[in-house]
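Subject: Structure handover

Hello,

Please find the structure below. My notes on it follow, for you to read alongside the coordinates.

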Amino acid sequence: MNVVPEPLPGGSALARDYIERYDKVRHLYGGDFRNEESRRERAAWLDGRESFRADRSKVAACLRVYNERHNPHAEVMASLELLEQPGTLVVTGGQQSGLFTGPMLVIYKAITIIQAAREAGERLGRPVVPLFWIAGEDHDWDEVNHTYVLSRSHELSKLKMDKAEGPRASVSDIRVDEDSWQQAVEQLDGLLQESEFKPQLMASIREASLGAASMTEVFAKLMGVLFGKFGLILLDSADPALRRLEQPFFSSLITDNDALEAAYLQSAAELKDGGYELQAEVTAGSANLFYIHEGSRLLLHKKDGKFTDRKGNNAFSREELLALLGDHPERFSNNVLTRPLMQDYVLPVLATVLGQGEIAYWAIPHRAFGAIGGQMPLILPRMSFTVVEGTLHKHIEKYGLAFTDVVTGLDAKRQEWLAAQDELQLGMRFEETKKAFTAMYEPLIEQLGTIQAGLLKLGNSNKDKIVDQISFLQAKAQDAMEKQNEAALRQWERIERSLMPQGKPQERVYNIMFYLNRYGPAWLDELMAVPPDYSGTHRVLYM
């Protein structure tokens with residue numbers, strides 16, 4: 001595997017500034033993981049805040065139960081034993097639970113977490129464990145219920161998991177029946193080409209989905225299959241047992257809600273004044289908390305001294321909400337702006353691994369951390385890759401393309417190449433013919449107009465029809481040229497479809513199962529062995 005840094009345009013201006021010009025935005029963040037002194041300062045601050053966080057022994061016990069059920073690897077249990085010990089720190093990162101692990105960026109995030117924890121432990125000379133925070137409390141089913149693979153014929157193929165009608169519940173609480181899982185697994189089996197690794201891969205997927213009640217359960221089991229041996233701890237943010245441990249901090253989020261709201265609004269104004277677009281909604285009167293009522297996850301707002309849902313069907317005083325929290329902590333849920341605060345209460349977070357969109361919206365709660373006496377953890381850009389298979393690499397070289405050509409779109413390059421195949425120079429000759437005909441015909445039409453005015457209009461109409469017919473023949477000749485070069489044009493399409501499917505980076509679309517089926521489980525070990533790079537630089541993996 002050859003690893004080559006390649007720029008990948010895009011991303012928010014704020015994320016780019018964080019990655020490339022950190023000094024410009026340092027006031028919006030808590031420090032830079034890439035700076036060793038920042039790590040030491042953060043570690044020392046965490047040591048002094050042990051009593052302000054959830055009891056680490058109870059957190060470890062809760063996570064042990066969850067991981068014994070879904071991720072029961074000896075290395076994970078060893079990580080949990082370390083987490084239980086005072087002084088152990090955590091590198092974390094999270095994602096929604098996608099179908100068959102979702103897009104490959106999830107895999108790259110897990111790899112970044114593991115490698116960063118390992119490196120931080122070595123540099124700081126103390127235990128640092130990796131943890132993946134599964135955002136099972138999120139309710140956007142349509143965002144997680146599908147994934148894409150390259151089929152046997154190298155076509156972009158979508159797999160989708162439907163659910164029964166019901167309330168807008170957290171993904172971890174949405175029940176998926178056995179038949180739906182079986183259909184999705186068989187569809188994946190049919191799309192993946194036969195390989196020496198396929199039987200083992202499909203056996204692992206079937207075992208993970210057997211008897212699973214939710215998308216999150218299968219996600220956790222598959223992540224355990226892939227990363228359990230590296231000691232990656234898994235946490236489901238919708239775990240009711242975890243909710244009980246989070247109860248004191250939910251109480252703070254309710255009690256100090258006005259101060260937090262002011263902090264979010266001030267940060268949003270600061271970002272706008274700096275010329276940055278907000279990557280998460282900040283609304284006056286929002287409590288930035290969800291309440292789960294009869295299975296529905298309702299965003300709470302503040303109105304007339306009450307916490308209420310958008311329609312006003314459920315309204316609670318602050319005291320009533322606190323009483324409900326005391327009796328039913330499982331009914332409360334974070335939103336995108338309070339989750340960073342909760343994560344810091346539950347875990348001794350040295351650093352959190354984020355994608356570019358996340359880096360941008362994490363600037364919004366930076367003042368909220370201070371409002372509750374906290375401090376934003378260090379932020380580490382997720383590593384980013386594009387996989388280029390050997391045959392594909394040969395095609396790219398054959399047509400003299402660069403990775404940036406593929407990223408920016410191949411239409412112009414493809415037409416340029418196709419024009420070069422036109423040995424008869426048909427395009428040029430057709431254009432010359434149209435110009436020559438027009439040059440000869442227009443003077444005649446003008447003379448006809450001197451005979452009778454109606455002949456001028458008729459002549460121009462006649463000219464346009466003849467030019468249209470020449471253009472029609474030109475298009476047919478172009479079609480014939482493309483058909484003659486059909487095999488080559490399919491190679492161009494395969495390059496685009498493999499590297500920039502739907503015009504998006506490969507890591508945001510494709511699922512890892514295609515590559516595990518093609519290269520086997522050892523390929524993941526090769527990925528883990530790629531030297532870490534926390535600069536935010538995109539890299540191409542030439543197989």
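I451 has a relative accessibility of 65%, so it counts as exposed, the cut-off for that class being over 50%. The model is a predicted one, and this value, like the others here, is computed from it. I451 belongs to helix 20, which covers residues 426-451. Together with L444 and L448, I451 makes a nonpolar patch of about 270 Å² on the surface.

A269 falls in another class. Its relative accessibility is 36%, and it therefore counts as partly exposed, the class that lies between under 20% (buried) and over 50% (exposed). A269 is a residue of helix 12, residues 257-273. If you want a distance to check against your own script, the C-alpha atoms of A269 and D327 are 37 Å apart, with a separation of 58 residues along the chain.

Next, the strands. An open sheet is formed by three strands, in the order 1-15-14, with mixed pairing. Which strands stand at its edges? They are strand 1 (2-5) and strand 14 (384-388); each has a single partner strand, so one side of each has no neighbour in the sheet. From one strand to the next, the twist averages 25 degrees. Strand 14 runs parallel to strand 15 (residues 538-542), and five bridges make up this pairing. F385 has R539 in strand 15 as its bridge partner.

Strands 7, 8 and 9 are best read in chain order. Strand 7 (residues 286-293) and strand 8 (residues 296-303) are antiparallel and joined by five bridges. Opposite F290 is L299, in strand 8. Strand 7 and strand 8 form a hairpin with two residues between the strands, and E294 there has a positive phi near 50 degrees.

Strand 8 is also joined to strand 9 (residues 306-308), by three bridges and again in the antiparallel sense. Here H301 has T308, in strand 9, as its bridge partner. What lies between strand 8 and strand 9? Two residues do, in a hairpin whose turn contains D304, with a positive phi of about 55 degrees.

If you set up backbone dihedral checks, the two turn residues to look up are E294, with its positive phi near 50 degrees, and D304, with its positive phi of about 55 degrees.

Regards

Terms used: Residues are numbered from 1 along each chain as its sequence is written. This is a predicted model: local features need pLDDT of at least 70, side-chain atom pairs count only at pLDDT 80 or more; totals for chains, interfaces and linings use all residues. Side-chain values use heavy atoms; hydrogens and water are left out. Patches are made of residues with over 30% relative accessible area and no salt bridge: like charges are joined within 9 Å, nonpolar side chains (Val, Leu, Ile, Met, Phe, Trp, Tyr) within 5 Å. Accessible areas come from the Shrake-Rupley method with a 1.4 Å probe; for residues, only the protein chains shown count as cover. A salt bridge is a side-chain nitrogen of Lys or Arg within 4 Å of a carboxyl oxygen of Asp or Glu. Helices (H or I, at least four residues) and strands (E, at least two) are DSSP runs, numbered from the N terminus. Buried means under 20% relative accessible area, exposed over 50%, partly exposed in between (1.4 Å probe, protein chains only). Two strands pair if DSSP finds at least two bridges between them. Axes are lines fitted to C-alpha atoms, for helices over the stretch in contact, and angles run from 0 to 180 degrees between N-to-C directions.
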